[in-house]
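Student: I've got a new structure to look at, and I'd like to know what the labels on it rest on. Can we go through it together?

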Amino acid sequence: MNAKFKTAALSAVTMACLLAAGAASAQIAVGGGATLPEILYDEILPSGVGLTNFSYTGTGSGAGKSAFFSNSATAFKNESVSGTPAWTATQSVHFAGSDSAVTAAERDAYNTAHVTGVTGPAAWSRMIQIPAVATSVLIPYKRSGISDLNLSDAQMCAVFSNKTGGQTWGQLRGTTDATTVKVVYRTDNSGTTELLSRYLVAACPTSGFIVSNNFAAMVAGAVTGGTIPAHWFGANGNAGVSNAFIGTGTDSRVGYLSPDSTYTGSSNAVVARVNGNLPLASSIQTALAAVSLPVGGAAQASNPLAWVPAYSKPTPATGAGSSYPIFGTTNLLVNQCYRDAAVQTKVRNFLVGLLGTTYNTPITTHNFVNLPDGTVGTNNWKTQIANVFLNASHPLGIGNVNVCNGIGRPLTN
């Protein structure tokens with residue numbers, strides 16, 4: 001075989017492999033974002049080396065939303081390949097997870113670029129935002145000799161603003177312990193931070209906190225000087241916060257994180273009660289089920305913001321059925337239409353499982369809270385969401401053939 005023929009043959013093989021890889025990657029529903037539900041998604045999404053169904057990379061809510069809006073998967077990993085290399089710039093993002101709700105500005109910018117009056121390849125179809133599961137935000141702590149920490153709203157405000165009442169363990173416990181309280185906070189843009197911020201704004205309206213997924217921005221108006229105290233400790237991601245309580249030199253810390261295998265929310269020895277309460281799934285479901293989706297009624301159904309209700313702080317109380325006050329939803333961003341029919345089917349089937357009972361057990365096993373399903377409270381969120389987005393004949397239904405006619409999230413960027 002001459003060199004020229006060898007080169008041509010190798011080129012043909014290489015091209016065939018590239019085409020095969022491209023075809024395979026086009027079939028994978030690629031997503032990422034919030035680290036809060038990552039352990040859940042890792043279990044319920046059939047992903048991993050050699051699998052070509054789903055790939056979810058925990059990057060933080062802010063990065064997840066950005067990837068979805070720009071349709072750039074470079075921040076995500078290809079879990080179907082050994083070593084999980086980053087996706088290339090041409091890989092589309094099919095869905096994203098975020099505990100940080102889409103803002104009006106983000107919605108309007110997306111609609112201007114890809115929906116309203118847009119035709120051709122830039123017509124990606126409507127963005128859909130729905131809650132996936134409900135969650136509490138836990139307050140982990142570590143202080144030698146203490147296993148029953150209970151913080152009031154006022155103490156929570158003092159701790160996270162570094163004000164008197166929350167600066168030392170003695171102030172928290174009514175003792176002479178002068179040990180400094182050291183806050184562990186998220187350095188990445190995090191939906192978990194945003195859920196905490198919503199509680200703090202409601203609990204301490206005059207303290208200077210603002211709603212934000214960025215911790216430094218959240219506390220800038222609350223801490224003296226507007227900057228994070230030097231003795232506080234920054235960590236990246238939910239795992240970073242959890243790890244910040246392991247080993248020597250970690251005593252006297254307080255932080256915030258979503259439930260994980262260590263911090264399940266069931267033990268007061270490692271997570272604080274707030275207003276006397278540990279997280280109780282039924283109380284969180286009941287609080288959420290007091291709201292009907294979409295917020296504002298059927299006329300608001302096409303508004304992605306209407307499917308994630310604003311936070312409402314429960315009145316402090318203790319006893320059976322009382323509400324733990326730091327909670328919210330982790331949400332999914334998807335499109336109504338996809339140019340890749342296989343991806344569209346996978347995304348839709350994932351939502352069918354979430355809005356049915358398929359994933360109820362893993363959701364509770366990972367210490368998350370199933371969406372209101374009619375068993376508690378007033379409203380059945382699962383049915384309300386499914387009746388719109390999983391109804392192929394509904395004007396907003398995923399895959400509606402009358403709407404998804406030549407438009408949709410592209411195969412490649």
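Tutor: Sure, here are some questions about sheets, helices, hollows and a couple of backbone details.

Tutor: Keep in mind that this is a predicted model.

Student: How do you know that strand 4 and strand 11 pair?

Tutor: Two strands pair if there are at least two bridges between them. Strand 4 and strand 11 (residues 327-335) are joined by 9 bridges, so by that rule they pair. They run antiparallel, and one of the residues to look at is Q129, whose bridge partner in strand 11 is L333.

Student: What makes strand 2 and strand 4 the edges of their sheet?

Tutor: Follow the order of the open sheet, which is 2-1-3-11-4, with mixed pairing among its 5 strands. Strand 2 (54-58) and strand 4 (127-136) each have a single partner strand, so one side of each is left without a neighbour in the sheet. From one strand to the next, the twist averages 20°.

Student: Which helix lies across strand 1, strand 3, strand 4 and strand 11?

Tutor: That's helix 3 (residues 61-70), and it runs at about 155° to strand 3 (95-98).

Student: How do you know that strand 7 and strand 9 pair?

Tutor: The cut-off is at least two bridges. Strand 7 (residues 182-186) and strand 9 (residues 253-254) have 2 bridges and run parallel, so they meet the cut-off. In one of those bridges, K182 has R253 of strand 9 as its partner. These strands belong to an open sheet of 4 strands, in the order 5-9-7-8 and with mixed pairing. Strand 5 (141-142) and strand 8 (233-235) are at its edges because each has a single partner strand.

Student: Why is the hollow lined by R126 and W307, among others, called a cavity?

Tutor: A hollow counts as a cavity when a 1.4 Å probe fits but cannot get out, whereas a pocket is open. The structure holds 1 cavity of 30 Å³ or more, and the largest cavity has a volume of about 60 Å³. Its lining also includes M127, I128, Q129, F389 and L396. Strand 4 gives the largest share of that lining, 3 residues.

Student: What makes up the lining of the largest cavity by class?

Tutor: There are 7 nonpolar, 4 polar and 1 charged residues. R126 is in that lining, and Arg counts as charged, so R126 is the charged one.

Student: And what lines the largest pocket?

Tutor: The pocket has a volume of about 400 Å³, and 22 residues line it. Nearest its centre lie R198, V308, P309, A310 and Y311. Helix 7 (191-203), helix 10 (281-289) and strand 11 each supply at least two lining residues, with strand 11 giving the most, 4 residues. By class, the lining divides into 13 nonpolar, 6 polar and 3 charged.

Student: How do you know which residues make the contact of helix 5 and helix 7?

Tutor: Contact means heavy atoms within 4.5 Å. The contact is made by D153, M156, C157 and F160 of helix 5 and by L196, Y199, L200 and A203 of helix 7. Helix 5 (residues 153-161) packs against helix 7 at an angle of about 120°, with the axes 10 Å apart. The crossing is left-handed.

Student: What makes that contact 7 nonpolar and 1 charged?

Tutor: The contact has 7 nonpolar, no polar and 1 charged residues. Asp counts as charged, and Tyr and Cys count as nonpolar, so D153 is the charged one, while Y199 and C157 go with the nonpolar ones.

Student: What makes the backbone at N71 and P294 worth a question?

Tutor: Most residues other than glycine have a negative phi, and most peptide bonds are trans. N71, in the loop between helix 3 and strand 3, has a positive phi, near 60°. The peptide bond from L293 to P294 is cis, with omega near -5°, and P294 is found in the loop between helix 10 and strand 11.

Technical notes: Residues are numbered from 1 along each chain as its sequence is written. This is a predicted model: local features need pLDDT of at least 70, side-chain atom pairs count only at pLDDT 80 or more; totals for chains, interfaces and linings use all residues. Side-chain values use heavy atoms; hydrogens and water are left out. Axes are lines fitted to C-alpha atoms, for helices over the stretch in contact, and angles run from 0 to 180 degrees between N-to-C directions. On a 1 Å grid over the protein atoms alone, a cavity is a set of points where a 1.4 Å probe fits but cannot get out, and a pocket is an open set with protein on both sides within 12 Å along at least five of seven lines; lining residues have an atom within 4 Å of a point. Grid points are joined across faces, edges and corners, and a volume is the space filled by probe spheres set on the points. A crossing is left-handed if the near helix is turned anticlockwise from the far one by less than a right angle, and right-handed if clockwise.
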